[in-house]
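Thank you for making the time this morning; I would like to talk through charge pairs and then one helix packing, and I will take questions at the end.

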Amino acid sequence: MSDEKCCVVTCDLPLDKTYWDNQYQANATGWDLGEVSPPIKSYIDKIKNKEIAILIPGCGNTYEAEYLLQQGFTNITVIDIAPTLVENLKNKFENNKNISVVLGDFFEHQGSYDLIIEQTFFCALPPTMRQKYVWKMHQLLSNHGILAGLLFNRDFEVSPPFGGNAKEYEQLFHKSFVFNSIGVANNSIPTRANTELFIEFQKNDFSQVNLYHFEGITCSGCMKTVSSKFLEIEGVLNVSMNTNFSEILLVSKEEIALKTLQEIVSYDEKYKINKTK
């Protein structure tokens, strides 16, 4: 199996706008299939409503959007942080009113979408941002909105891409989304065979999904203690903290007052929690 690679020189650089722009300027796009991914193509072929609002974040060369346009979809937005790429896409689609090409940070993007297509965006983000990914996806989806696409079911020796597995994803998205489907894709390209999961997650409209910045935790033991205390709150459905202990995702039936959360962790004066807006 060939390795998916992104890095031009080193993977120790911040994965920011400059990093990704350098990949496109150097044509170092080893993740690029050169065509719409077969599992996503099959999924698109089953969508009957061609007027739904669709977002493709971290869109890359966005063969998915090109295929959507060919199939008659009329409300497509693609967003990427790399200026070189986005300029090329704007030129490519300049005469097509059915697609909007946005240069920007997905996590600052505003809008409401019926479908968000995931294709090598999640795996390009540092694992520390996965809780923020769930929170933002939940924000951007309309009622009953769908997050669908591919997640890697493997790990990588060199990253990005960053891998994962079904158990991890189920814990991460638990109660924020309803799992319509999650399983090994049966028609991946040969080099990715049995290493991709196709997901269709539907937004849980009855859950409050909030993200908080957390200060003071320095070890996994303390993380587990804080998480367990939050899980004991009536109405809390899921708690997930990121890998550097700086953000915590809280899913609940009703939003929990910030004062309540701070009081719960006040046993350690180092612990500070603030809601992300």
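**Salt bridges and a helix contact**

Let me begin with the pair formed by glutamate 196 and arginine 192, a salt bridge in which the closest N and O atoms lie 3.6 Å apart. Please keep in mind throughout that what you see is a predicted model. Are the two partners buried or exposed? Glutamate 196 has a relative accessible area of 3%, and because anything under 20% counts as buried, it belongs in that class; arginine 192, at 1% relative accessibility, is buried as well.

This pair is one of 6 salt bridges that the model contains by the rule used here, and I will take you through two others. As a general reminder, side chains of opposite charge can pair when their charged atoms come close.

The next one joins glutamate 66 to lysine 92, with 3.0 Å between the closest N and O atoms. Here the partners come from distant parts of the chain, since glutamate 66 sits in helix α3, residues 63–70, and lysine 92 in helix α4, residues 83–92, which places them 26 residues apart. As for accessibility, glutamate 66 is partly exposed at 27%, and lysine 92, with 44%, is also classed as partly exposed.

The other pair I want to show is glutamate 168 with arginine 130, whose closest N and O atoms are 2.7 Å apart. It too connects distant parts of the chain, with glutamate 168 in helix α6, residues 166–173, and arginine 130 in helix α5, residues 130–140, a separation of 38 residues. Glutamate 168 is partly exposed, with 30% relative accessibility, whereas arginine 130 is buried, at 4%.

That brings me to the two helices themselves. How do α5 and α6 pack? Their axes are 10 Å apart and make an angle of about 55 degrees, and because this angle falls neither under 35 degrees nor within 65 to 115, the two helices are described as oblique to each other. The crossing of α5 and α6 is right-handed.

Which residues meet at this contact? From α5 there are Arg130, Gln131, Tyr133 and Val134, and from α6 there are Glu168, Tyr169, Leu172 and Phe173. Sorted by character, the residues of this contact comprise 5 nonpolar, 1 polar and 2 charged. Arg130 and Glu168, which appear among the contact residues, are also the partners of the salt bridge I described a moment ago.

That is where I will stop, and I am glad to take questions.

Technical notes:
Residues numbered from 1 in each chain as written. Predicted model: local features only at pLDDT ≥ 70, side-chain atom pairs only at ≥ 80, totals over all residues. Heavy atoms only, no water. Salt bridge = Lys/Arg side-chain N within 4 Å of Asp/Glu carboxyl O. Helix = DSSP H or I, 4+ residues; strand = E, 2+ residues; numbered from the N terminus. Buried < 20%, exposed > 50% of the residue type's maximum accessible area, 1.4 Å probe, protein only. Axes fitted to C-alpha atoms, helices over the stretch in contact; angles between N-to-C directions. Parallel < 35°, antiparallel > 145°, perpendicular 65-115°, else oblique. Left-handed = near helix turned anticlockwise from the far one by under 90°. Contact = heavy atoms within 4.5 Å. Nonpolar A, V, L, I, M, F, W, Y, C, P; charged D, E, K, R; others polar.
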